Amino acid sequence: MPKHSSRSIFTRRPWTVAAVAVGVLIAGVVMADYFRGLPADAVATYVGRDACVQCHETEVHAFTGSHHDLAMDIATDETVLGDFNDVTFVNDGIESRLYRDGEKFMVYTEGPTGEMENFEVKYVFGVDPLQQYMVEFDRDENAAEDEVGRVQVLRISWDVNRKEWFYLRPPDVSEKLKPGDPLHWTGIAQRWQTMCAECHSTDLKRNFDVATQRYHTTFSEIDVSCEACHGPASLHVELANSNSLFWDRHRGFALVNLKTEDSAPQIETCAPCHSRRGVLDGKMSPGASYTDHYNLELLRSDTYHDDGQIKDEVYVYGSFVQSKMYHQGIRCTDCHDPHSLELKHPGNETCTSCHQHAAGKYDVPSHHHHAVGTEGAMCVNCHMPHTTYMAVDPRRDHSFRIPRPDLSVELNTPNACSGCHVEDLRKTLPAEVSDELKLYQDWLLAAAQGNEAVAKVIAETNQWCDDACDKWYGVQRLKPPHFAEALAALRAGDRSGVSKTLRLIAGSSTPAKDALTPVIARATALDELVMQGHGEAAKAAQVLIAEEEQTPGSVHPILLATAARAIGMLGGGGAIDPGDVQKKLYPLISHSSRLVRSEAARGIVNGGAYQRVSGQKRKNLDRVLDDVKDELMYASDRAGAHMGWAMLSEQRAQWADAIRAYSNAMRVEPGTTGPRTNLAALLDRLIEMSRQDNSVMEVLQAVGGDEGVAGAQKKVDQLRREELPLLARDAALAPGIADLQYRYGLALYLSGDLPNARKQLQRAAELAPDVELFSTALRMLDEHMKNQ
């Protein structure tokens, strides 16, 4: 038997030692590489699309030439589509000329003073179905090359398909717009920074200076580029160009992942630019929660029909969240290529690529009851009817609804069937009426404005369509309950609408049923209930807050924020004790959603509960209110932002801040009504308080100078004199709005013009006989005039 050697295997086999050592070394290097990663404090920055091309050539190729790629550009021979070959265009008696000055594109038209002037077109906006043109004003001579001054969008626009100039009128405005009108092309409603910029450029910074009234706007790229959807890519590029075997162990590939099982990150990345909303901070990174950065507009009666179909320009998201598809996890890229933005399949294949049920179930006449190949056989024409905006831009409703002519018969809501078939009865209308009805939306508007002949045709068409559906589907026809039944009844003043609305607000815990009572509809119902002054809203809001307290995260932030706003409004109106307002809302200022925190903080202030919060709680509340100020000042170029902060400051007894904010509102929009009236009322109040409280004198002296109270009183009189012609203008422009007539009446009363004050107050009372405030003011004025 051989003797065992005393040498180890490592002694006998040196190569083994080397192999193990190399393995350990390699493992160590790999582990070090894995753990190295990016510094914890590394911040991603924008690097531009050129950094993406090397690795993502296919995606960049698809993106090139897309509507995102061509969202905005410098005006050049390559980008300008309109005819600037010394052509004239006439609208509202103004003869404009579009011509070239060397390489410059020029327009000779009415300017901000009313005089005809020459303007250089610096930028083009959009590419299809229309292109607009933009002029830069107020550029600081010391501005950096990458800064943009105030930019105004011309209303003279180019119809890309018809290849002709047209004048883009504001909706429902037929008369000539005068310089100084916010809707004039040089007004704030046509300002790029205010209305368009953040959704047509990448990494936009508005940079408005309130003191100088100047913009120093910047962007990383002029259009909607890669990083607008994927986020700033510097860290991703750094990782991609490194020699590491791994992406970062904490950040992954250092870009947002939009392909998660949960559809929300992708949808809410698209939503900010495809929704009508308020901005909370303007700093949303792709993939983040929408309600941490934006406040989605609810289904207001002027922007949506009672059943949630689109009316005004609402940009998709508000309709999509109503749909069953949204509730089933369908996302934007299931239908749209994310880079080219084109549909993934032609025609009905976009729908049938998913709806692959039994052969011949949907894309056949037995389902759609129209001849194959006709417009009526297209899925989108029945389930995504379009509304045309900007005169030439048809956009489809993304609520993916089944046509409901039965609801149209009951509630006068539109439906896709009638949208086509009203044409069958056009010949029954007088020619002068028929000629004005170009689109289905024109028919609806004419009926809403009191044209009985058009309303009759629509009603007959709705009934014909409803009867046809009964014939086609018989007992199998589905007519599920719809939130429209509650909203329409409530808005019509039907008392049954209150109980229906309360049931709608309560909603359902069943996901399938939630598609019939979407969050946006529930929030709208609660908001409408509050706005109409129904006391039942208080209990409904409190129930939602209690549900969230018992089961955190159970109430959607949009609905919870609406409940918080309701508590604040009801508290401010005296329906809820301030102590209860504070008790209900203070816990919500720590909610995970910024939207909820903001509405809760505002609600505490508006509900008269701010003074009841003290100590550390007051400090916590003030921190959230600082965020609210930042939200408002995101739109610091608008008077409404400063007005909002002024009123919150006033309710917190922060008089100097309120006066400063009202003054800023007048500075940024001198022609707007409101800030002068509010400031005058505040100064009146402070003058009265000064008789008992010397601490107020310092504030009044800042306003009245050496004259103190007397100087402040002169300021009050000046403010009211300046406001009167502005209110007269607004009351004349909107004779049917009762609140405007009432405000003008009060201003006339304060000016001493009692006869005309009575005329305006009577007008307000006639327009809104159910508003007790208007009739009470009229009665008190009559008594005052009688006793003179």
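These are my notebook entries on a few things I looked up in this structure, which is a predicted model.

**Entry: cavities**

I started with enclosed space. How many cavities of 30 Å³ or more does a search of the whole structure find? It finds two.

I took the largest cavity first, and its volume comes to about 140 Å³. It has 14 lining residues, and I noted the ones closest to its centre: Asn91, Ile94, Thr109, Tyr167 and Trp185. I then checked which elements give two or more residues to this lining, and they are strand E3 (94–101) and strand E4 (104–110). Sorted by class, the lining of the largest cavity has six nonpolar, four polar and four charged residues.

Next I looked at the second largest cavity, with a volume of about 50 Å³. I wrote down its lining in sequence order: Asp307, Gln309, Cys382, Pro385, Arg401, Ile402, Pro403, Arg404, Pro414, Asn415 and Ala416. By class I have six nonpolar, two polar and three charged residues here.

**Entry: His184**

I went to His184 next, and found it in the loop between strand E10 (164–167) and helix H5 (192–195). Is His184 buried or exposed? It counts as buried because its relative accessible area is 3%, under the 20% cut-off.

For its side chain I noted a polar contact of 2.8 Å with the side chain of Thr186. Setting aside neighbours within four places in sequence, I listed Glu110, Gly111, Leu177, Lys178, Pro179 and Gln190 as contacts of His184.

**Entry: cysteines**

Then I turned to disulfides. A disulfide is a covalent bond between the sulfur atoms of two cysteines. How many disulfides does the count come to? The count is zero.

I wanted to see why Cys417 has no bond. The closest cysteine sulfur to that of Cys417 is in Cys469, 4.9 Å away, and a disulfide needs the pair within 2.5 Å, so this pair is too far apart for a bond. I also checked how covered Cys417 is: at 17% relative accessibility it counts as buried. Cys273, on the other hand, has 35% relative accessibility and counts as partly exposed.

**Entry: Arg594**

I looked up Arg594 and found it in helix H26, which spans residues 594–606. Its relative accessibility is 11%, so I put Arg594 down as buried.

Which residue's side chain does Arg594 join through a polar contact of 3.0 Å? The partner is Glu631. Glu631 also turns up among the residues that Arg594 touches, along with Leu280, Asp281, Thr291, Asp292, Asp627 and Asp630; residues up to four places away in sequence are not counted.

**Entry: helix H19**

My last stop was helix H19 (residues 484–491). Six of its eight residues are buried, so I noted H19 as largely enclosed by the rest of the structure. The buried ones are Ala484, Ala486, Leu487, Ala488, Ala489 and Leu490.

What covers these buried residues of H19? The cover includes helix H14 (405–411), helix H20 (496–506) and helix H22 (519–531). I also looked at what comes after the helix: Gly493 follows H19, and its phi is positive, near 85°.

How values were computed:
Residues are numbered from 1 along each chain as its sequence is written. This is a predicted model: local features need pLDDT of at least 70, side-chain atom pairs count only at pLDDT 80 or more; totals for chains, interfaces and linings use all residues. Side-chain values use heavy atoms; hydrogens and water are left out. On a 1 Å grid over the protein atoms alone, a cavity is a set of points where a 1.4 Å probe fits but cannot get out, and a pocket is an open set with protein on both sides within 12 Å along at least five of seven lines; lining residues have an atom within 4 Å of a point. Grid points are joined across faces, edges and corners, and a volume is the space filled by probe spheres set on the points. Helices (H or I, at least four residues) and strands (E, at least two) are DSSP runs, numbered from the N terminus. Ala, Val, Leu, Ile, Met, Phe, Trp, Tyr, Cys and Pro count as nonpolar, Asp, Glu, Lys and Arg as charged, and the others, Gly among them, as polar. Buried means under 20% relative accessible area, exposed over 50%, partly exposed in between (1.4 Å probe, protein chains only). A polar contact is a pair of N or O atoms within 3.5 Å; within protein, one must be able to donate a hydrogen and the other to accept it, and residues adjacent in sequence count only if both atoms are side-chain atoms. Contact means heavy atoms within 4.5 Å.
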